[in-house]
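Visitor: I have a model open and would like to learn how to read its packing. Please take me through it one feature at a time.

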Amino acid sequence: MVGACFIPFNNRNLDISIFAFRPTVVLVGDLIEALKHFSLSTETLGCVQSSLLQSIHGNMILWYGAWLKKSCENKESLIATLLSMLNNISTMAILTEHSFFDSYAGESRDSSVGAAKFCRGDTISMCVASSLSSKNDINDLSYACLALFKSNFLRMDGVTSGVCLKSQNKSAAASFYVWKDLQFCYSWILTDQRSSMLPYLERFSLELKYDIFRVVYVSGDDNVVNVAFVVSHPPNSTQMLEKEGESKEQKQVIKTSKVNYLW
């Protein structure tokens, strides 16, 4: 059976969590298998769907989890539990970032679907804009990203759906796109994006991170080896977090009047 994940276009029922990992092992497949079991174990905590996205060109794996709002009201406790569970893979990866997000807008080519749907094998592109200045208001930033999203979506040939997300605990907003295939995504990012982005984002001081991913697992897939995922004792909450000053190869910065791209 092949499963599917959905990111709704509003935040009425679900909270979205994204954890970013940088593998430290050569055999990334072992890490992916361990994260699949981590996904299964989160179901007992209230995670209703989860997925793994592997960077196509970079060295990053994202874990996506969707939670019923009533199951994650105490997010500090939930995050501490998740970090404790992830201690089992601390020898295979560094947790570089994690955050809960609200979905606040979205579009789909299928007007009957109010969510971005993706399955194993799909191509995903994601861009995260993080504020570098306390003067940047998260609402202003999220509205600017929404305006850019609306302006781009109809011109993005080959995209099936997209959703706008804003972080619950950081001044950051993200756009998440599902593509028909990788070639459509390449065709879009190889066009000149500077002229379309500047009117919306040039007044902010931002750090921009962009990557293209392949979906390698969604909850409901039948391709998980039956191996137990053991929860260890809670570690220091920053044990898996990337130390300040370590590699920033996935990061680019948007200064007020200059836009730098990853591609």
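The dialogue below goes from the whole chain to strands, then to helix pairs, and ends with a single residue.

Guide: Keep in mind that this is a predicted model.

Visitor: Start with the whole chain. How many helices and strands does the chain have?

Guide: The chain has 5 helices and 12 strands. Of its 263 residues, 52% count as buried. Among contacts with a separation of 6 or more, 83% are between residues 24 or more positions apart.

Visitor: Now the strands. How should I read the two faces of a strand?

Guide: The general idea is alternation: in a regular strand the side chains alternate between the two faces of the sheet. Strand S2, residues 14-23, is a case to look at. Leu14, Ile16, Ile18, Ala20 and Arg22 lie on one side. Asp15, Ser17, Phe19, Phe21 and Pro23 lie on the other.

Visitor: Are those two faces of S2 covered or open?

Guide: Both faces are covered, and the residues on each side are all buried. With 10 of its 10 residues buried, S2 is therefore largely enclosed by the rest of the structure.

Visitor: Which strands pair with S2?

Guide: S2 pairs with strand S4, residues 61-68, in the antiparallel sense over 8 bridges. Within that pairing, isoleucine 18 stands opposite tyrosine 64 in S4. S2 also runs antiparallel to strand S5, residues 93-108, and 8 bridges join the two. There, phenylalanine 21 has leucine 95 in S5 as its bridge partner.

Visitor: What about S4 itself: how many of its residues are buried?

Guide: In S4, 7 of the 8 residues are buried, so S4 is largely enclosed by the rest of the structure. S4 is also joined by 7 bridges to strand S3, residues 47-55, and the two run antiparallel. Leucine 52 has tryptophan 63 in S4 as its bridge partner. S3 and S4 form a hairpin, with 5 residues between them.

Visitor: Let me try the same reading on strand S9, residues 172-179. Which residues point each way from S9?

Guide: Ala172, Ala174, Phe176 and Val178 point one way, while Ala173, Ser175, Tyr177 and Trp179 point the other way. All of them are buried. The count is 8 of 8 residues, so S9 is largely enclosed by the rest of the structure.

Visitor: Which strands pair with S9?

Guide: Strand S7, residues 123-131, pairs with S9 in the antiparallel sense over 8 bridges. In that pairing, threonine 123 has tryptophan 179 as its bridge partner in S9. Strand S8, residues 159-167, pairs with S9 over 7 bridges, also in the antiparallel sense. Serine 161 stands opposite valine 178 in S9. S8 and S9 form a hairpin with 4 residues between them.

Visitor: Next, the helices. What describes two packed helices?

Guide: Two packed helices are described by the angle between their axes and the distance between the axes. Take helix H1, residues 28-42, and helix H2, residues 75-86: they pack at an angle of about 145 degrees, with their axes 11 Å apart. H1 passes H2 in a right-handed crossing.

Visitor: Which residues of H1 and H2 meet?

Guide: Leu35, Phe38, Ser41 and Thr42 in H1 meet Leu82, Met85 and Leu86 in H2. The residues of this contact divide into 5 nonpolar, 2 polar and no charged.

Visitor: How do helix H3 and helix H5 cross?

Guide: The axes of H3, residues 138-153, and H5, residues 194-201, come within 9 Å and cross at roughly 150 degrees. That angle makes H3 roughly antiparallel to H5. The crossing of H3 and H5 is right-handed. On the H3 side, the contact is made by Ala144, Cys145, Ala147, Leu148, Ser151 and Asn152. They meet Ser196, Met197, Tyr200 and Leu201 in H5. The contact of H3 with H5 has 7 nonpolar residues, 3 polar and no charged.

Visitor: Finally, a single residue. Where is isoleucine 138 found, and what is its relative accessible area?

Guide: Isoleucine 138 is found in helix H3. Its relative accessible area is 24%, so isoleucine 138 is partly exposed.

Visitor: What is isoleucine 138 in contact with, leaving aside its neighbours within four places in sequence?

Guide: Isoleucine 138 is then in contact with Lys170, Ser171 and Ala172. Lysine 170 is 32 residues from isoleucine 138 along the chain, and their C-alpha atoms are separated by 8.3 Å. Ala172 is also one of the buried residues of S9.

Note on methods. Residues are numbered from 1 along each chain as its sequence is written. This is a predicted model: local features need pLDDT of at least 70, side-chain atom pairs count only at pLDDT 80 or more; totals for chains, interfaces and linings use all residues. Side-chain values use heavy atoms; hydrogens and water are left out. Axes are lines fitted to C-alpha atoms, for helices over the stretch in contact, and angles run from 0 to 180 degrees between N-to-C directions. Angles under 35 degrees count as roughly parallel, over 145 as roughly antiparallel, 65 to 115 as roughly perpendicular and the rest as oblique. A crossing is left-handed if the near helix is turned anticlockwise from the far one by less than a right angle, and right-handed if clockwise. Contact means heavy atoms within 4.5 Å. Ala, Val, Leu, Ile, Met, Phe, Trp, Tyr, Cys and Pro count as nonpolar, Asp, Glu, Lys and Arg as charged, and the others, Gly among them, as polar. Buried means under 20% relative accessible area, exposed over 50%, partly exposed in between (1.4 Å probe, protein chains only). Two strands pair if DSSP finds at least two bridges between them.
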